[in-house]
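Here is a friendly briefing to read with the model open beside you. It moves from backbone geometry to strands, helices and cores.

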Amino acid sequence: MFSKILIANRGEIACRVIKTARRMGIATVAVYSDADADALHVKMADEAVHIGPPPAAESYLLADKIVEAIKATGAEAVHPGYGFLSENGAFAERLAAEGVAFIGPNVRAIQAMGDKIESKKLAAEAKVNTVPGFLGVIQDTDEAVKIAEEIGYPVMLKASAGGGGKGMRVAWDRKEVREGFEAAVAEAISSFGDDRVFIEKFVTEPRHIEIQVLADKFGNTIYLGERECSIQRRHQKVIEEAPSPFLDEETRKAMGEQAVALAKAVDYQSAGTVEFIVDGERNFYFLEMNTRLQVEHPVTELITGIDLVEQMIRVAYGEKLSLTQSDIKLDGWAVESRVYAEDPFRNFLPSIGRLERYRPPAEMSADGRTVRNDTGVYEGAEISMFYDPMIAKLCTHAATREAAIAAMGDALDEFYIRGIQHNIPFVSAVMSHPRFREGRLTTAFIDEEYPDGFQGAELGSETRRELAAIAGVACLMEKNRARQISGQIDKRYQTARGADWVVTLDGENYPVELAMVDGKYHVLFEGGDLLVVETDWTPASAVMDVRVADRRLRVQIDRQREGFLLTHGGATLSAVMRTPRAAELYALMPEKVVPDMSKYLLCPMPGLVISIPVEVGQEIKAGETLAIVEAMKMQNILRAERDGVIASIEAAEGDSLAVDEIIIAFE
């Protein structure tokens, strides 16, 4: 077995590979840019080598730098993770020339499957179902429009060398083809250095379901079931699960066998993923093959018990697979939520900055539940503008889909992050969404269920009442703690029963009476409804683990100027406890007026201004492009919300802007 391997990647996937290598007794080498000098993967590895400045094109994407690090440390093999050089055939070829093992497939497979156009041709030859489309190279926008109209709308424009949602657009008409083609080409060049884009029919009611394959160098190839990856935003997966709630055994077998046939057609070796689009009738069509480890691989590991990274290492070393297809059994259900540094309340725009608080749920496996958190950050770490905004991959496993989803909901409620914006409220809301729980998924789920963007989760009246009770208990505990520390005496808190109170939860008043009975808090609501609250929470804790009426809840609690902010189930509510008279007087207070910023185009995220295609004095119409801002490798088009006239332009191409910095002022 290898004695030392180098991980040519960063973040959570580098940490993930290091964990398996450490368990196998293999020493590890990390590489890092200036921005990652204090990163977790650098701290975890046995050795670390600096490879350049923050931009990936000047560090992680430079094969020469990686080879220098290999020679300096004596690493015998390289695991590329995903992204960066993981599907770069020239890099794998270079390693072979240097006598270094590539922990991945052979060069032929990488090159054949890495080109989306050529891979579809190979898939068709291997008798794998393919989506109708134009597989040639498109020369310009006019040709793109012509091809799209021949295929029939809607169509999908995709970068040939793409992945991760980069260089991908759906177009429903001629105008969207023109805009989408130009944007896809720009992103393809920026992300992959390859401007080729192809067009195919966009399948309606589509599900994104992929098959995990595993192959050795002796012709043995198996499939490890499927993953449902239909919950996507801008073609970027957000929530994945295994198995799929949609497939039957017959379809699963057919998809698996076609995936194996394609792998064999290119003499595939290592772990890989064959992605399919599946329609409402369970017809499936080949999308692409990813010749690397997938981001969502943990859910497959959880239902099969197979460590895919270990298998990749063993195959690269020359070992035969110890598994056959008959050995593969799918046990239970697993769900993965991708935790991103992005603001779901502002159209999921990227968020950068310092993780002032980072307290993930504890990893565990007990009582039929497993919680796993693959992460590459720690409290105090910086989320950089140079790389993907992923913070962690939170996974849960249980015997059934319902139990796995419930475990995920609890784990998300415990996941405490402060200092940056993050998407936990959104994924929490999805977990409790009736359509998600029923398994009625398509890749349009987010667009259909949140057409006006995400405004926060809607909590039922019962849950709100429970949170009001919890808020009352938290306020009482805080006041008791303050009294004990300061020595102040307030007779209301010296007796078992408290005085009358009004808990105001996001503007809704709940008159209550609080009492302590046998170590439990009794919350009596107006009208006689009694809730019993049990908790060992202390005001120093960020998360309250509480039992209310025999239901266990986890609630994040943050202090504010008056009262608390409670976060649960994707919703954050302001809670204040006052005397009835104080609540009556507070209701008479005037509301604070929010400044009118409608005459300005504000930068919605930290980013780089790519272009501002308007001029001072120009009349603009609603929907026109005002500016293009790039953040975390994605180009964001900022459009006019209504007709107007440009009064001034406050930014210029090439400027780096902060959130809410003014770009344009209108008359």
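His 235 sits in the loop between strand E11 (221-233) and E12. His 235 has a positive phi of about 65° although it is not a glycine, and at 24% relative accessibility it counts as partly exposed. Please keep in mind that this is a predicted model.

**Backbone geometry**

- As background, most residues other than glycine have a negative phi, and most peptide bonds are trans.
- Asn 347 is another non-glycine residue with a positive phi, about 60°; it is found in the loop between strand E16 (342-343) and strand E17 (349-350).
- Tyr 153 and Pro 154 are joined by a cis peptide bond, with omega about 0°. Pro 154 belongs to the loop between helix H7 (141-151) and strand E7 (155-163).
- A cis peptide bond also joins Ala 242 and Pro 243, with omega about -5°. Pro 243 lies in the loop that runs between strand E12 (236-242) and helix H9 (249-265).

**Strand E10 and its partners**

- Nine of the nine residues of strand E10 (residues 207-215) are buried, so the strand is largely enclosed by the rest of the structure.
- Both faces of E10 are covered. On one side the buried residues are Arg 207, Ile 209, Ile 211, Val 213 and Ala 215, and on the other they are His 208, Glu 210, Gln 212 and Leu 214.
- E10 pairs with strand E13 (residues 270-278) in the antiparallel sense, over nine bridges. Within this pairing, Ile 209 has Phe 276 of E13 as its bridge partner.
- E10 also pairs with E11 in the antiparallel sense, over six bridges, and here Ile 211 stands opposite Glu 226.
- The hairpin of E10 and E11 has five residues between the strands, and Gly 219 takes a positive phi near 90° in this hairpin.

**An open four-stranded sheet**

- Which order do the four strands of the open sheet follow? The order is E33-E40-E38-E35, with antiparallel pairing.
- Strand E33 (600-602) and strand E35 (619-620) are the edge strands, each pairing on one side only.
- Three bridges connect E33 with strand E40 (residues 662-666), and the two run antiparallel. Leu 602 of this pairing has Ile 662 in E40 as its bridge partner.

**Helix H12**

- Helix H12 (residues 401-414) has 14 residues and should span 20 Å at 1.5 Å a residue; its end C-alpha atoms are 20 Å apart, which agrees.
- H12 is largely enclosed by the rest of the structure, because 10 of its 14 residues are buried.
- The buried residues of H12 include the charged or polar-named Arg 401, Asp 410 and Asp 413, along with Ala 404, Ile 405 and Leu 412.

**Nonpolar cores**

- The largest nonpolar core has 74 residues, and those touching the most other members are Ile 239, Ile 391, Ile 417, Phe 426, Phe 436 and Leu 566.
- Helix H16 (residues 461-486) gives the most to this core, with 10 residues.
- A second, separate core has 37 residues, among them Met 24, Met 44, Leu 308 and Tyr 340.
- Not counting residues up to four places away in sequence, Ile 239 touches ten-odd neighbours such as Val 335, Val 427, Val 430, Met 431 and Phe 436.

**Two buried residues and their contacts**

- Is Lys 4, in strand E1 (residues 4-7), buried or exposed? Lys 4 is buried, since its relative accessible area is 16% and the cut-off for buried is under 20%.
- The side chain of Lys 4 reaches the backbone oxygen of Thr 73 at 2.7 Å. Beyond its neighbours within four places in sequence, Lys 4 is in contact with residues including Ile 26, Val 29, Glu 47, Thr 73 and Glu 76.
- Gly 376 lies in the loop between strand E21 (369-375) and strand E22 (382-383), and is buried with a relative accessible area of 13%.
- Leaving aside neighbours within four places in sequence, Gly 376 is in contact with Gly 11, Glu 12, Cys 15, Leu 40 and Ile 391.

**Cysteines**

- The structure holds zero disulfides. Cys 475 counts as buried at 7% relative accessibility, and Cys 603 counts as buried at 0%.

How values were computed:
Residues numbered from 1 in each chain as written. Predicted model: local features only at pLDDT ≥ 70, side-chain atom pairs only at ≥ 80, totals over all residues. Heavy atoms only, no water. Pairing = 2+ DSSP bridges. Disulfide = S-S within 2.5 Å. Buried < 20%, exposed > 50% of the residue type's maximum accessible area, 1.4 Å probe, protein only. Core = buried A, V, L, I, M, F, W, Y, C linked by side-chain atoms within 4.5 Å. Contact = heavy atoms within 4.5 Å. Expected span 1.5 Å × (residues − 1). Polar contact = N/O pair within 3.5 Å; in protein donor to acceptor, adjacent residues only side chain to side chain.
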